[in-house]
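Work through the exercises below with the structure in view. Try each task before you read its solution.

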Amino acid sequence: MIKLKKEDQQSHTISIKVSNEAGVLARVIVLFSGRGYNIESLNVAEIDEDSHKSRITIVTNGSLMTINQIKHQLERLVPVDTVEDLTTDGPSIEREMALIKVECDGHNREEVIRLSETYRAKIVDTSKNSFVFELTGAIDKINSFKGVIKFQEVFKQRLQESIQS
């Protein structure tokens, strides 16, 4: 077996338009797991209620040859209409969204709010001892915000939970 160098591996976003029927997502997932392909991110949404179509968006990584193989195997599945590699097939916009829960005491709440404003994070929930922020943007921006919050632990703030998609 030939091992690929890390540089040969690239992250790709694949968009799959499918019939919106039971078991379609399971067939796509089985295709990935059965061949040892990794799914880094997965999103499914109905795109046309009248024609019963959905879009499955998968972020995976591999060599160009592996990605082409994945695309060809997906195209052979019965409920699949179209397969596009958004990374190579044309211009696309890629954004991350994270919900980040930060624990803080009463003395540091203003500092946490000031930091969130710097990153344009939206407060979606608050309690006496914590905030939940919604942050949208590039992965670097989200990781930077989480890093700043972790650094601020000296001030008794704590990154409690993080959900990212």
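Five exercises follow, each with a worked solution.

This is a predicted model: local features need pLDDT of at least 70, side-chain atom pairs count only at pLDDT 80 or more, and totals for chains, interfaces and linings use all residues. Residues are numbered from 1 along each chain as its sequence is written, and side-chain values use heavy atoms, with hydrogens and water left out.

**Exercise 1. The overall layout**

Task: Find how many helices and strands the protein chain has, and in which pattern they follow along the sequence.

Solution. Start with the definition: helices (H or I, at least four residues) and strands (E, at least two) are DSSP runs, numbered from the N terminus. The protein chain has 4 helices and 8 strands. Along the sequence they give the pattern β-α-β-β-α-β-β-α-β-β-α-β.

Next, look at burial. Buried means under 20% relative accessible area, exposed over 50%, and partly exposed in between (1.4 Å probe, protein chains only). Of the 165 residues in the protein chain, 33% are buried.

Last, take the contacts (heavy atoms within 4.5 Å). Among contacts with a separation of 6 or more, 66% join residues 24 or more positions apart.

**Exercise 2. The two sides of H1**

Task: Determine which residues of H1 are buried and which elements they pack against.

Solution. Helix H1 covers residues 24-34. Its buried residues are Val24, Val28, Leu31 and Phe32. They lie on the same side of H1, because they cover an arc of only 95° around the axis. That arc is taken from the directions from the helix axis to the C-beta atoms. A general rule helps here: an α-helix has 3.6 residues a turn, so residues three or four places apart point the same way.

Now turn to the other side of H1. There, Val30, Ser33 and Gly34 are exposed.

The buried residues pack against strand S1 (10-19), strand S2 (39-48), strand S3 (53-62) and H2. Just after H1, Gly36 takes a positive phi of about 80°.

**Exercise 3. The nonpolar cores**

Task: Work out which residues of the largest nonpolar core touch the most other members.

Solution. A nonpolar core is a set of buried Ala, Val, Leu, Ile, Met, Phe, Trp, Tyr and Cys residues joined through side-chain atoms within 4.5 Å. The largest one has 16 residues, and Ile14, Ile16, Val28, Phe32, Ile70 and Leu74 touch the most other members. S1, H1, S3, H2 and strand S4 (80-85) each give two or more residues to this core. H1 supplies the largest share, 4 residues.

Zoom in on Val28. Leaving aside neighbours within four places in sequence, Val28 is in contact with Ile16, Ile56, Ile58, Leu74 and Leu77.

Another core, of 14 residues, lies apart from the largest one; among its members are Phe133, Ile142, Phe145 and Ile149.

**Exercise 4. The salt bridges**

Task: Locate the 2 salt bridges found in the whole structure.

Solution. A salt bridge is a side-chain nitrogen of Lys or Arg within 4 Å of a carboxyl oxygen of Asp or Glu. A search of the whole structure finds 2.

Take Lys53 and Asp81. Their side chains meet at 2.6 Å, N to O. This pair links distant parts of the chain: Lys53 is in strand S3, Asp81 in strand S4, and they are 28 residues apart. Lys53 counts as buried, at 18% relative accessibility. Asp81 is partly exposed, at 39%.

Then take Arg114 and Glu111. Their side chains meet at 2.7 Å, N to O. About one helical turn separates Arg114 and Glu111, because they are 3 residues apart in helix H3 (residues 109-118). Arg114 is partly exposed, with a relative accessible area of 42%. Glu111 is also partly exposed, at 27%.

**Exercise 5. Two positive phi values**

Task: Place His52 and Arg120 in their loops, and decide whether each is buried, partly exposed or exposed.

Solution. Recall the general rule: most residues other than glycine have a negative phi. His52 has a positive phi near 55°. His52 sits in the loop between S2 and S3. His52 is partly exposed, with a relative accessible area of 49%.

Arg120 has a positive phi near 60°. Arg120 belongs to the loop between H3 and strand S6 (122-126). At 74% relative accessibility, Arg120 counts as exposed.
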